[in-house]
Amino acid sequence: MAKNLLIVESPAKAKTINKYLGKDFEVLASYGHVRDLVPKEGAVDPEHGFAMRYALIEKNEKHVEAIARAASKAEAIYLATDLDREGEAISWHISEILRERGLLEGRSVQRVVFSEITPRAIKDAVAKPRALAQDLVDAQQARRALDYLVGFNLSPVLWRKVQRGLSAGRVQSPALRMIVEREEEIEAFKTREYWSLDAQLAHAGVAFTARLSKLKGKKFEQFDITDAATAHAARAALLAAAGGALVVSEVVSKERKRRAAPPFTTSTLQQEAARKLGFATSRTMRVAQGLYEGVALGIEGNVGLISYMRTDSVSLSAEALGELREVIAREFGAHALPEKPNFYQNKSKNAQEAHEAIRPTSALRTPKSVAAFLNDDQRKLYELIWKRAVASQMIPATLNTVSVDLACGADNAFRASGTTVVDPGFLAVYEEGRDQKSDDDDEQGKLPALAAGARVPLADILAEQHFTEPPPRYSEASLVKTLEEYGIGRPSTYASIIQVLLAREYVLLDQRRFRPTDVGRAVGKFLSQHFTQYVDYDFTARLEDELDAIARGEEAWVPLLEKFWTPFKRLVDDKTESVERSEATGAREIGIDTVSGKPVSVRLGRYGPFAQIGRKEDGDTPRYASLRPGQSMHTIALADALELFKLPRVLGDSPQGEAVSVGIGRFGPFVKQGDTYASLGKEDDPYTIDLAHALALVQAKHEAAANRVIKDFGNGVQVLNGRYGPYITDGDKNARIPKEREPASLGAEECAALLAVAPFRPKRGAARKNTKAAPAKKAAAKKAVPAAAQAAPMRNRAASVKKTAARKTVTPQSTPRKATAAKTAITRRAPTKRASPSPGD
């Protein structure tokens, strides 16, 4: 029997570590978080020192029970969850559960941390354990409490003022504001025309281009020429002044060094994986997690290939530096190695927790040597991490930049620039990607050798029209970079911030760029206008600073919550009463209907944005029409809005003399012929579909219905083709057809026999109807349910009746008070789309 129990977060990590520690250790996984705040009001109690009510997460209950059983037999317990704040908090929750069950008495409980899963790192960590870092736990609890207080108090305001089912998050809301403000910048942007003039030149057999830099004795600026006539007149004048050649007036050659980028942090890994590999942040973190926890490498077994992937640090251990330098000398030669290791400073505004950067656990494991054991995503990401780490310890690249000025007559000049690589240095391995074009992109490759006074034949001068472009929408890479620059969130939260915004449909990905939806814009604008402080970038960053101070033991967590809570709750109460819904949703009047003379407005409703003709307050019965996909209530023009009211549209008559029309219903656009309805395809447009295509859709519907009946026995029993294959039905019950039987060969008696043993499934709505018809039974059942279980969400009540778990009310003092005898339902994590505000947004 193992004397020691070591607890990690994931089963993959447990499998890898288990082989390193031998038979004296049993390694179990918690499968992530084991407890969370109960998902209902009162889980954080501001009236009683922000006491926090936790409950076991239902899906992980069996893993907690396995840990408890193993702990009861172990002599020592090692808590080896991840080395960040969240990992520290998970260790604390596990220890609290075991302490409440009396399983810590007489046993040593110690915390071990490691930044890589290798035999040396694991054994060193176990040999040098420490106590739980309560400051880190307090910082994580403060963060969780803040997220809960914002979610459970701000979300109901959005329900009332914008749309039901919405929610707001402490960190997601500033990120949403960022995306919405960029969209408004794009819409407000005024395009300007400008022209460039480029000389097409050739010297010593080498063709190159030079851009106009001086015109009529003055420096040529971007908007000096803004129309075609002026541009072509300037081109003609320059050609005349050149006389077939430009004269080199000055050649400037400058050698410069370019230093490698530092090894990856979480955010820079997410950015580069998005740029170079097209990975979403969530995909990057998922793949990195697998590389960290361990990959089977043939006879070596499971091996952790990279260091911990949630880090702000750009530093590397002495051992890692030594190995990287060894690889560089071997693979690229001693000349590629600097005299001393390269060291980097972190530029992140809120960098914390001085761990290592993301690196290969052994640089000797080249991407080529492990490629056969990795899937495609793992191979690509490992190669990216390995190359970045290796390049970070190589010599700078030496570049030679040449700028040549060429005179065009007495008062005009062109300039050409080119860069050549003298010594590639780190560029032989890796070059950092960029989100946007830089000045360097205008520099060409190698220019021909030119000397002052040389005449260079002029082939032509090209005049090109250009238009200024608005700032681009955020990509995943640029959004992560901006969040980091502002100090919003932590490296481990960037992926979840993006996933929440996408899951709630506050934003969409359009050509890999974030575009806010009308709902997202309404939420973003409402929060920016009425909860300005709480979506302010500096405020959010300062809050992160204060959480960092708690983690360092410099501040207490309860005073931080008190300082936040009082003004926040006062503002929530005020806005609940004072803000009109039309203002909150961004409703706007866009003109007058030329037919009725009534005002036309666009609004946000329960099912999305819509246009409206008329006003209820004027005594009208308004007409409504949903906006089409791709239309926005913030940009739609009056003419486009009026087009929406052309549905339903009569297309003509069918050959049978029935009217054929097209419209949009609850389930989308449809064609109607007589009593038959047929849905339009994804590619069909209800505003442009013609009669012939509409008739084809109806015909296809009739054929599908005809093909649906395989056999009809005339007594209500049929054999039908269904969505999941053939089946038997009598209208009340459905029966499966035995695999060995051909559906068309079934007889009436055999079908009756199969229906007789089939389970009865009530029709839709029947269960609800029966529930309403039996209030006495419902009341009796309710009395049988414990009071705490009655307060739980409906979806959890069945589990609550069967079993309950003792809940712990944690007080902010360093020594928690004794738990009461109260019970609470074991609660599962709230799903992304929920009918109540999220406590953790």
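Start with Asp376: at 40% relative accessibility, Asp376 counts as partly exposed (buried is under 20% relative accessible area, exposed over 50% and partly exposed in between, with a 1.4 Å probe and protein chains only). This is a predicted model, where local features need pLDDT of at least 70 and side-chain atom pairs count only at pLDDT 80 or more, while totals for chains, interfaces and linings use all residues. Residues are numbered from 1 along each chain as its sequence is written, and side-chain values use heavy atoms, leaving out hydrogens and water. Below are the salt bridges, a helix pair and two sheets.

**Salt bridges**

- The structure holds 47 salt bridges (a side-chain nitrogen of Lys or Arg within 4 Å of a carboxyl oxygen of Asp or Glu).
- Asp376 meets Arg379 in one of these, 2.5 Å from N to O. The two sit 3 residues apart in helix H12, so about one helical turn separates them (helices are DSSP runs of H or I with at least four residues, strands are runs of E with at least two, and both are numbered from the N terminus).
- Asp376 also meets the side chain of Lys380, at 3.3 Å from N to O. Here the spacing in H12 is 4 residues, again about one turn of the helix.
- Both basic partners count as partly exposed: Arg379 has 31% relative accessibility, and Lys380 has 28%.
- Elsewhere, Arg615 pairs with Glu589, with the closest N and O atoms 2.8 Å apart. Arg615 lies in the loop between strand S21 (608-613) and strand S22 (623-626) and Glu589 in strand S19 (residues 588-592), so this salt bridge ties together parts 26 residues apart in sequence.
- Arg615 is partly exposed at 26% relative accessible area, and Glu589 is partly exposed too, at 47%.
- There's also a network: Arg85, Arg143, Asp312, Arg490, Glu544 and Asp548 are linked by salt bridges.

**H9 against H12**

- H12 (residues 376-391) has helix H9 (residues 281-293) for company: their axes come within 10 Å and cross at roughly 85° (axes are lines fitted to C-alpha atoms, for helices over the stretch in contact, and angles run from 0 to 180 degrees between N-to-C directions).
- The two helices are therefore roughly perpendicular (65 to 115 degrees; under 35 is roughly parallel, over 145 roughly antiparallel and the rest oblique).
- On the H9 side, the contact is made by Arg283, Thr284, Val287, Ala288 and Leu291, and on the H12 side by Asp377, Gln378, Leu381 and Tyr382 (contact means heavy atoms within 4.5 Å).
- By class, that contact has 5 nonpolar, 2 polar and 2 charged residues (Ala, Val, Leu, Ile, Met, Phe, Trp, Tyr, Cys and Pro are nonpolar, Asp, Glu, Lys and Arg charged, and the others, Gly among them, polar).

**Sheet S23-S24-S25-S26**

- These 4 strands form an open sheet in that order, with antiparallel pairing (two strands pair if DSSP finds at least two bridges between them).
- S23 (649-653) and S26 (676-679) stand at the edges with a single partner strand each, so one side of each has no neighbour in the sheet.
- Neighbouring strands are turned by 25° against each other on average, direction ignored.
- S23 pairs with S24 over 4 bridges, and Val650 stands opposite Ser661 in S24. Their hairpin has 5 residues between the strands, and Gly657 takes a positive phi near 85°.
- S24 (residues 659-665) and S25 (residues 668-673) are joined by 6 bridges, and Gly663 stands opposite Phe670 in S25.
- S25 and S26 are joined by 4 bridges, with Lys672 opposite Tyr677 in S26. They form a hairpin with 2 residues between them, where Gly674 in the turn has a positive phi of about 60°.
- Side chains alternate along S26: Thr676 and Ala678 are buried on one face, while Tyr677 and Ser679 point to the other and are not buried.

**Sheet S27-S28-S29-S30, and the helices across the sheets**

- This open sheet has 4 strands in the order given, with antiparallel pairing. S27 (709-712) and S30 (734-735) are its edge strands.
- S27 and S28 (residues 718-722) pair over 3 bridges, and Lys711 stands opposite Val719 in S28.
- Helix H20 packs on this sheet, touching S27, S28 and S29 (725-729), with its direction at about 45° to that of S27.
- H20 (residues 691-708) also lies across S23, S24, S25 and S26, running at about 105° to S26.
- Helix H21 (residues 748-757) lies across S28, S29 and S30, at about 85° to S29.
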